[in-house]
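Me: I am new to this structure and should like to understand the reasons behind the terms used to describe it. May I put some questions to you once it is shown?

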Amino acid sequence: MRKQECVAMLLAGGQGSRLGGLTWKRAKPAVSFCGKYRIIDFSLSNCTNSNINTVGVLIQYKPFLLNSYIGLGSAWNLDNPNGGVHILPPFLGDSEGSWYNGTANAVYQNYEYIDFYDPEYVIILSGDHVYKMDYSLMLKFHKEKSSEITLATIEVPREEASRFGILTVDGDARITKFTEKPAQPDSNLASMGVYIFNWSTLKQALIADAGDYQSENDFGKNIIPQQLNLGKRVYAYQFDGYWRDVGTIESYYHANMESLSDGHFLNIFDPKFRIFSNEDILPPHFVGSTAEIKNSLVCNGCIVHGKVYNSILAPGVYVGEGVQINDSILLPYVKVHDGSVIINAIIGENAEIMNHCVVGAEGRFAPDQEGITVIEDYHIIPEGSIIEAGMNVNRTRTI
Amino acid sequence: MPNAIGIIFANNGYACLQGLAQERPIAAVPFGGRYRILDFALSSMVNSGIRTIGVVTPHHYRPLLDHLGAGKDWFLDRKAGGLFILPGVMHSLAGNNHTFCIKDLEHNIEYLKKDFVENVVISCGDQIFNMNIIDALDFHNDKQADVTLIYKENDYFGDLTDEMFLEMDEDQKVSSIRDQKGLEWTESGRPHYVNILIIKRELLLDIVGRYSSFGCMSLISILTKNMEVLKIYGSPTRSVIGTISTINDYFDQNMDLLDQEVRERLWLGADRIHTKIVDNPPTQYTLKAKVSNSLIASGCSIAGEVLNSIIFRGVILEKGCRITNSIIMSKCHIHENAQMEYAILDKAVTVHEGNVLKGSLSNPLVVHKSSVI
């Protein structure tokens, strides 16, 4: 086995409960994004584009669809003889086994995996962020600063700063203070959840953290503050591209919709930094003679007979005659039958809207979640249903 | 897994298609928005479970090899078997019709010798079809046939010059293979052979051994000569759509894809047509886009008007342009207010502002690869 300079550990175990019905059957990283992609495509493609070819994917929650999607990693050119993509679920050790209890614990439990490749550096990634980033530049920065830990950071609007891990840096970009979700943020430099560690530093930190019973075993909450307190060389690498955390329905919806706007920073059309995906093989999409499509993204295999405005149609979507779709995201293989109207909604994979339904109708009360309606994966909405804006339609609630 | 290997003759067909097949073989001509014509033969074999496929290369084989790569997109990058490139003979003679030429097989006899399977499925590479060969293979085994020819009850009244017709008894045993000479138009409804056959491997080796010294003979003419001693059967198919031998065939068969029924038969069923994956982003429609009755591949950016057309991958249509009854291949860029009707644009054509290109239904205008207009 060839020694690797840098091994990536991709945290993909989150349940993503705030995405509601979209994660009923799958982990958050396997949720469809921007039509043909799935959220994990971005992190995996970043690895490929950064020449990192050993990626451990830490999984836990409903992993089947994610596993089959990743496969051998060949869709991202990661089926490499010296490395490759490895799915790392929780496992049984000599004495005992346990679930991954926090992000740091997940990596700690797999330290033998990392040791096997004996890397100089370990990069910790999150499987639920949408961004294009060349990690090799960050690694270069890490080496130049003789850093032990480097955090990728991004400037966020001040009013939103309290949602993130906020850090303060000195003139040399060395981090002096790190606070997770501060009430009174004293800067707007947020951690992106992308860390490069020297493997020796990380190993020590993980062992110390595992012995601390009060720790929540989380990188942001525990490991980084602990290491700062120990006086380790922790630096901030400033990233100035497009980056979105798509952990909630609102942020997921807006990040998708941003891809329709002109000044979109996440240029999916850029041939030099391609986002790969493991797509189904589908024919070109067909636009019928009664169709009208404006300001939208449409994927392969779609059949469109209705009107589609400001919307995203993922692969294999069917839009019947007389249908109107406004400001909505239709995930793969959704079927919308004749005469239905869909406004401001996210329709889960394989869901089916029968004839003459209205999804996202104006209701009597002020709607929740900015009026975004969410239909769960595989749900069938019976003929003539009217679903009010802001509702989450899922298995437990019948309509 | 069927007891068969495949050979696709990507070197048959000699039409130039008004330049579309000038720099590339017909098998590598783009078709239907994202495919190459060869994809149909290749996918049919792969979907039938055949995992060892040899492709006989034609005169201009660079585009073909570029497209095929290691065969990964057809699941043919395998430890045992997989995709084999079989160099065809007579590279210098483009323009000859080498339908199943014995010389090509002799040249690649190792491919046939080193496998252990019983049968070889042979297909040409210039037909548009999606056909599962399993039924025909079962039929072939049941009848203990030496050769099974796939035929179609003819519903095609076009050019019959190259068609071969079969005469069969009630047991489907073929008694004669003949061309159209002497046949009346009214007789053209009879079964015609569609350039796909199944043959016992040992028999094929024997034929190649015996006939290799005769120069460029076609397999079919040898079978015809030995009709008496061989057990040749015919097996029907409903799936073949057509051969592409003229620019009109090409244009019409592309346009047929705008028909829902044709698409269902060809590529919306369980057996998919596989092709080289490019990982394009979704197609982007702007506020100015106006698209109707058209087939549009991924990675396009559409701001103009498109009617009854087929748009390949990565095409840019700027605002005010108008595309009617046309085929626009990948990476074309149509600038503002350009118009085209009955045009076929080969790959990477740029049409500058305000130009008007017009062909007609019977004579579509073909624009060569990478032209700038």
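Me: What makes the pair Lys72(B) and Asp79(A) a salt bridge?

Reply: A salt bridge is a side-chain nitrogen of Lys or Arg within 4 Å of a carboxyl oxygen of Asp or Glu. In this predicted model, the closest N and O atoms of Lys72(B) and Asp79(A) are 3.6 Å apart, so the pair satisfies that definition. Between chain A and chain B the count is two salt bridges.

Me: On what basis are the coordinates and the numbering to be read?

Reply: Residues are numbered from 1 along each chain as its sequence is written, and chains are lettered from A and ligands numbered from 1 in the order in which they are written. As the model is predicted, local features need pLDDT of at least 70 and side-chain atom pairs count only at pLDDT 80 or more, whereas totals for chains, interfaces and linings use all residues; side-chain values use heavy atoms, with hydrogens and water left out.

Me: How confident is the predictor in chain B?

Reply: On the pLDDT scale (the predictor's confidence in each residue, from 0 to 100), chain B averages 85, and 91% of its residues score at least 70. For the complex, the predictor gives an ipTM of 0.83 and a pTM of 0.86.

Me: How many residues does each chain bring to the contact, and what area is buried?

Reply: With contact defined as heavy atoms within 4.5 Å, chain A contributes 33 residues and chain B 36 residues. Buried area is the accessible area (1.4 Å probe) that two parts lose on being put together, summed over both; here it is about 2,900 Å², and carbon and sulfur atoms give 52% of it. In chain A, the residues losing the most area to chain B are Ile281(A), Pro284(A) and Phe286(A), together 23% of what that side buries.

Me: Why is helix H1 of chain B called largely enclosed?

Reply: Buried means under 20% relative accessible area, exposed over 50%, and partly exposed in between (1.4 Å probe, protein chains only). Of the 11 residues of helix H1 (residues 37–47) of chain B, 11 are buried, so the helix is largely enclosed by the rest of the structure. Among them are Ile37(B), Phe40(B) and Met45(B).

Me: How do you know that Cys357(A) is in no disulfide?

Reply: A disulfide is a pair of cysteine sulfur atoms within 2.5 Å, and by this rule the count is zero over all chains. For Cys357(A), the nearest cysteine sulfur, that of Cys302(A), is 19 Å away. Cys357(A) counts as buried, because its relative accessibility is 0%.

Technical notes:
Helices (H or I, at least four residues) and strands (E, at least two) are DSSP runs, numbered from the N terminus.
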